[in-house]
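Please examine the sequence and the three-dimensional structure shown below. The paragraphs after them are meant to be read with both in view.

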Amino acid sequence: MRTFFLWLGTLGVLVMTMVMGGVAQEYLPDLDVDHPAIDYYGSTVDNRVTRLAIEIENGQVELEVGADGLAFLSSLLGDLGVNRDSQALVFSKTSFQAVNIGPDNPRAIYFSDDVAVAFVRGSDEIEIMAIDPKQGPVFYTANIRNDGPSPFTRETVCLNCHLGPATSGVPGVFIGSVFPGPTGTPSPVDAIITDHRTEFKDRWGGWYINATSGQQEDRSNAVASNPALPLELDIGARQNQTHLYGKVDTDGYLEPLSDIVSLMTFEHQTQMTNYITRVGWEWRILEQEGDRDIMQRAQFDSDVEALVAYMLFADEVPLPEPLEGVSTFTKTFPKRGPHDERGRSLRNFDLETRLFRYPLSYMVYSEAFEALPESVLEKIYSRLYDVLTGTDQEEKFAHLSGDDRRNILEILRETKPSLPAYWKSSARR
């Protein structure tokens with residue numbers, strides 16, 4: 001039996017350590033995947049991978065095959081709608097392919113709003129996570145040498161690590177930061193889960209990071225080479241590296257870089273995905289059980305509030321100084337829009353003091369968000385409206401200036417047709 005650790009920069013033995021040592025991350029109790037309102041394993045799912053599998057079986061699409069896997073990977077990303085410039089490289093030993101991963105052979109991660117793909121150079125298998133709008137993340141492998149009707153296999157054992165407190169108690173994804181040894185094996189101490197709320201000094205251990213400016217201290221681009229000091233990373237010019245020369249032979253990868261802006265974007269997206277999945281599951285369970293459990297209802301209300309705060313980047317750690325990416329991701333990601341008449345988009349980057357110029361998560365446009373039960377959406381929209389119109393002036397939203405609130409409100413009114421009617425009038429319902 002294989003165990004999958006798809007997006008985590010660490011090994012499974014570290015999961016409990018990471019749960020206990022998180023920084024800013026909220027850990028939530030597990031929800032029952034077998035609950036009749038959920039039936040995670042038994043229900044039919046509809047996502048990018050299942051749709052592509054149907055197209056392949058019908059002869060509408062044919063994935064390319066190449067000796068090094070790059071041709072297959074490139075065509076797979078194209079058919080899944082994933083840009084190659086989203087590439088980020090993690091070298092801590094991870095996944096069932098851990099033996100093939102290390103500082104000289106990192107795993108490449110690519111992502112879009114609803115898919116993430118992991119590629120290990122020299123491997124026949126590619127790992128995929130695809131988000132079903134109702135059930136959340138579903139995990140697959142694709143074999144580049146598969147001669148059958150479809151290269152995809154759904155992997156059920158992945159939830160050994162991808163369902164737990166680290167993923168908000170539902171099938172989910174997460175980014176890990178560790179202290180890796182010389183071969184990429186992580187220390188079992190001080191492994192954490194990261195998102196936009198995590199201090200920079202604790203981020204990206206076991207990852208390569210390329211940027212053209214910014215000297216913030218973090219754990220990237222280094223190993224702890226002294227076994228006697230497993231939490232002391234090698235001293236050197238680790239930050240502000242614009243290339244990987246001297247660290248990795250980038251032949252055999254689609255891109256020669258590991259972009260900081262791409263990784264920070266995916267970092268935000270992981271926990272946003274988990275929050276969306278969780279509140280959807282909670283409401284379905286409450287509805288089936290008749291909303292009788294006061295504790296469950298209180299937990300649901302708390303989780304909706306946490307989702308809204310995360311969407312609005314409450315507790316985002318400010319950038320210590322401006323930074324720039326090294327790939328085209330910083331340009332291609334905002335182009336995906338949608339944009340209002342003034343060209344504004346929730347995907348526009350700031351990169352001076354924070355990640356995004358207009359701090360409301362672009363995942364508000366995702367299929368998963370739109371598929372939330374109507375009652376859940378009503379609660380979320382009501383809370384967002386109160387914050388953006390200034391009715392709610394809680395301290396946790398103090399990071400939002402008057403201009404921020406007005407800009408976000410205007411962008412949403414023009415770009416999201418499914419908004420409640422009262423959003424488009426000057427008076428609250």
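The following paragraphs treat confidence, salt bridges, enclosed spaces and backbone geometry in turn.

The structure is a predicted model, in which local features need pLDDT of at least 70 and side-chain atom pairs count only at pLDDT 80 or more, while totals for chains, interfaces and linings use all residues. Residues are numbered from 1 along each chain as its sequence is written, and side-chain values use heavy atoms, with hydrogens and water left out. The term pLDDT denotes the predictor's confidence in each residue, on a scale from 0 to 100. For this protein the mean pLDDT is 89, and 91% of the residues reach 70 or more. Over residues 1-23, however, pLDDT stays under 50. For that stretch the model has 101 contacts beyond four places in sequence, a contact being heavy atoms within 4.5 Å.

The discussion now turns to charged side chains. Side chains of opposite charge can pair when their charged atoms come close. A salt bridge is counted here when a side-chain nitrogen of Lys or Arg lies within 4 Å of a carboxyl oxygen of Asp or Glu. The structure holds 26 such salt bridges. One of them joins Arg336 to Asp113, with the closest N and O atoms 3.1 Å apart. Arg336 belongs to the loop between helix H7 (329-335) and helix H8 (367-370), and Asp113 to the loop between strand S2 (107-111) and strand S3 (115-120), so this pair ties together parts that are 223 residues apart in sequence. Helices (H or I, at least four residues) and strands (E, at least two) are DSSP runs, numbered from the N terminus.

How do these partners stand with respect to the surface: buried, partly exposed or exposed? Buried means under 20% relative accessible area, exposed means over 50%, and partly exposed lies in between (1.4 Å probe, protein chains only). Arg336 counts as partly exposed because its relative accessibility is 36%, whereas Asp113 counts as buried at 12%.

A further salt bridge is formed by the side chains of Glu267 and Arg203, at 3.1 Å from N to O. This pair links distant parts of the chain, 64 residues apart: Glu267 is in helix H5 (residues 260-288), and Arg203 is in the loop between strand S8 (192-194) and strand S9 (207-208). Glu267 has a relative accessibility of 0% and therefore counts as buried; Arg203, at 2%, counts as buried.

Asp301 and Lys379 also meet through their side chains in a salt bridge, at 3.6 Å from N to O. Because Asp301 lies in helix H6 (residues 294-311) and Lys379 in helix H9 (residues 374-388), the pair ties together parts that are 78 residues apart in sequence. Asp301 is partly exposed at 32% relative accessibility, and Lys379 is partly exposed at 29%. In addition, salt bridges that share partners join Glu305, Arg383, Asp392, Glu394 and Lys396 into one network.

Arg203 and Glu267 appear again in the lining of an enclosed space. On a 1 Å grid over the protein atoms alone, a cavity is a set of points where a 1.4 Å probe fits but cannot get out; a pocket is an open set with protein on both sides within 12 Å along at least five of seven lines; and lining residues have an atom within 4 Å of a point. Grid points are joined across faces, edges and corners, and a volume is the space filled by probe spheres set on the points. There are three cavities of 30 Å³ or more, and the second largest contains about 50 Å³ of space. Besides Arg203 and Glu267, its lining includes Asp195, His196, Met264 and Glu316.

The largest pocket has a volume of about 200 Å³. It is lined by 13 residues, of which Glu62, Leu63, Val65, Asn146 and Gly148 are the closest to its centre.

The backbone completes this account. Most residues other than glycine have a negative phi, and most peptide bonds are trans. The peptide bond from Gly337 to Pro338, by contrast, is cis, with omega near 5°, and Pro338 is placed in the loop between H7 and H8. Asn221 has a positive phi, near 60°, although it is not glycine. Asn221 lies in the loop between S9 and H5 and is buried, with a relative accessible area of 4%.
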